[in-house]
Amino acid sequence: MTLAFSDAHLHTNPIMGLGAEVVAKKFRKANGWFMAIVSLPPQHYGIEGLGFESHEKSIEILLREAEKARREGVEVSTLAGFHPSLVDAYFKAGWSPSEIVELAEKIIDYIAKLHDEKAVDGIGEVGRQHYAVNPAWIVTSELILIYAIEVARDNDMLIHLHLEQGGYSTVASIRRIAESAKIQAGSLLLHHVSPSEAHYAESYGYWYTVPAKEKLYRTLLPHKPERLMTESDFIDDPKRPGVSSYPWDIPRELISLVSEGIVSEEYLYRVEVENVSRFYRVKPP
Ligand SMILES: [Zn+2]
Ligand SMILES: [Zn+2]
C-alpha cells in the first residue's frame, strides 16, 4: 500500500512566503495528494488598508494560489473567511462592533456568491479568538461565526471554525449554535484542536483537524478516532517560522508511527484519504 497524505487546513502566501506552487510541489514529493487552502487576512499578503476591497483582493490571491497548487497535481479545496484576528484589527483601528459585523457579513455573502460560481468550496476560517482579548471582541467574533454558519447552511458550504481550546465548553457551545441553526454536522470542521476538543468533537460527530505535532499524533491516533483529519495550519510566513508546522511534517510524523507499529496503514488510509474525501467531497487519489 502506498500511503497518500492530506493537509486538511493550511495557508499559503505567495507574497511573503513560499507560495502554493512551491508548497504543493514539496508536498506532492512527500506523497501529498490533497490540500485545503484557507485565506489569510489581507495584511498578511501585504495588502494595505481596511474594508471590503482588501478582502476581495486577498480572496483573489487565494484563488490563484489554489490554481497553482492544482497545476502541481494536488487536489485542492479552497476556503475564504473572516479570521477572528481581523475582528481585533478592526477594533484597534477604531471600527464599531456594528461596522465590523456588517463588513464581515458582506464578505461572507461575497464568499457564498463565489461558492455559487464554484470558485470556492467553503467558509474558513471564522470563529473565536484562542487568546485573551477584550470579551466584547469575542462576542463580536461569535456573531460573525453564527452568521457564517447560517450562510454555510443555506448554501451547502463547508465551514472551518477557529476556536479557543476550551474542551467541553468549546465543542458544546458550537453544538448549541449548530443545532439551533440546523446546519448538517458533516459540513462543520473544528480546526487546530487539542485532545480535549477532539474527544468531544468525536462524541458529537463533528469533523476536526489536528496539527502535525508528534505528541498529539502519538496521543490521539492509537485510539483510532473516526472524525480526525490532519493539518499543518502552515502560515507560510518566514518571519514566524515556529508558529505552525509544515505540510510535509504530516507524512514524516505519520510514517514514523507506522514504522514503529503504533498505527496501521489501513487506519491511516481512513484518516488521510477516506475522511478527506468524505468531508471535502473530492475523489480519492
Ligand atoms: Zn485557525
Ligand atoms: Zn489557519
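Biologist: What covers the buried residues of α7?

Modeller: Keep in mind that this is a predicted model. Helix α7 spans residues 195-204, and its buried residues are Glu197, Ala198, Tyr200 and Ala201. Their cover includes two helices and three strands: α6 (168-181) and α8 (214-220), plus β6 (188-191), β7 (207-211) and β8 (228-231).

Biologist: Which residue follows α7, with a positive phi?

Modeller: Helix α7 runs over residues 195-204. Just after α7 the phi is positive, near 80°, and the residue there is Gly205.

Biologist: Which helix gives the most to the largest nonpolar core?

Modeller: That core has 77 residues. Those with the most contacts inside it are Met35, Ile37, Ile123, Ala148, Ile159, Leu190 and Tyr208. With 7 residues, the helix giving the most to this core is α5 (residues 135-155).

Biologist: Ile159 is on that list, so to speak; which residues is Ile159 in contact with, leaving aside its neighbours within four places in sequence?

Modeller: Ile159 is one of the residues with the most contacts inside the core. Its partners include Ala148, Ile149 and Ala152, and also Ser187, Leu188 and Leu189. The rest of the set is Gly122, Ile123 and Gly124.

Biologist: Are α5 and α6 parallel or oblique to each other?

Modeller: Two packed helices are described by the angle between their axes and the distance between the axes. Here the axes come within 10 Å and cross at roughly 45°. The crossing of α5 past α6 is right-handed. With that angle, α5 and α6 are therefore oblique.

Biologist: How many charged residues does the contact of α5 with α6 have?

Modeller: From α5 come Ile146, Ile149, Glu150 and Arg153, which meet Ile177, Ala178 and Ala181 in α6. Sorted by class, this contact has 5 nonpolar residues, no polar ones, and charged residues numbering 2.

Biologist: Where is the peptide bond that is cis, with omega near -5°?

Modeller: Most peptide bonds are trans. Glu125, in strand β4 (residues 122-127), is on one side of this one. The cis bond runs from Gly124 to Glu125.

Biologist: Asp236 has a positive phi; is Asp236 buried or exposed?

Modeller: Asp236 is in the loop between β8 and α9 (249-259), and its phi is near 50°. The cut-off for buried is 20 or more other C-beta atoms within 10 Å. Asp236 has 25, so Asp236 is buried.

Biologist: And Arg281, buried or exposed?

Modeller: Arg281 sits in the segment after α10 (265-280), with a positive phi of about 55° although it is not a glycine. Having 12 other C-beta atoms within 10 Å, Arg281 is exposed.

Methods. Residues are numbered from 1 along each chain as its sequence is written. Chains are lettered from A and ligands numbered from 1 in the order in which they are written. This is a predicted model: local features need pLDDT of at least 70, side-chain atom pairs count only at pLDDT 80 or more; totals for chains, interfaces and linings use all residues. Helices (H or I, at least four residues) and strands (E, at least two) are DSSP runs, numbered from the N terminus. Two residues are in contact if their C-beta atoms, placed from the backbone, lie within 7 Å. A nonpolar core is a set of buried Ala, Val, Leu, Ile, Met, Phe, Trp, Tyr and Cys residues joined through C-beta atoms within 7 Å. Axes are lines fitted to C-alpha atoms, for helices over the stretch in contact, and angles run from 0 to 180 degrees between N-to-C directions. Angles under 35 degrees count as roughly parallel, over 145 as roughly antiparallel, 65 to 115 as roughly perpendicular and the rest as oblique. A crossing is left-handed if the near helix is turned anticlockwise from the far one by less than a right angle, and right-handed if clockwise. Ala, Val, Leu, Ile, Met, Phe, Trp, Tyr, Cys and Pro count as nonpolar, Asp, Glu, Lys and Arg as charged, and the others, Gly among them, as polar.
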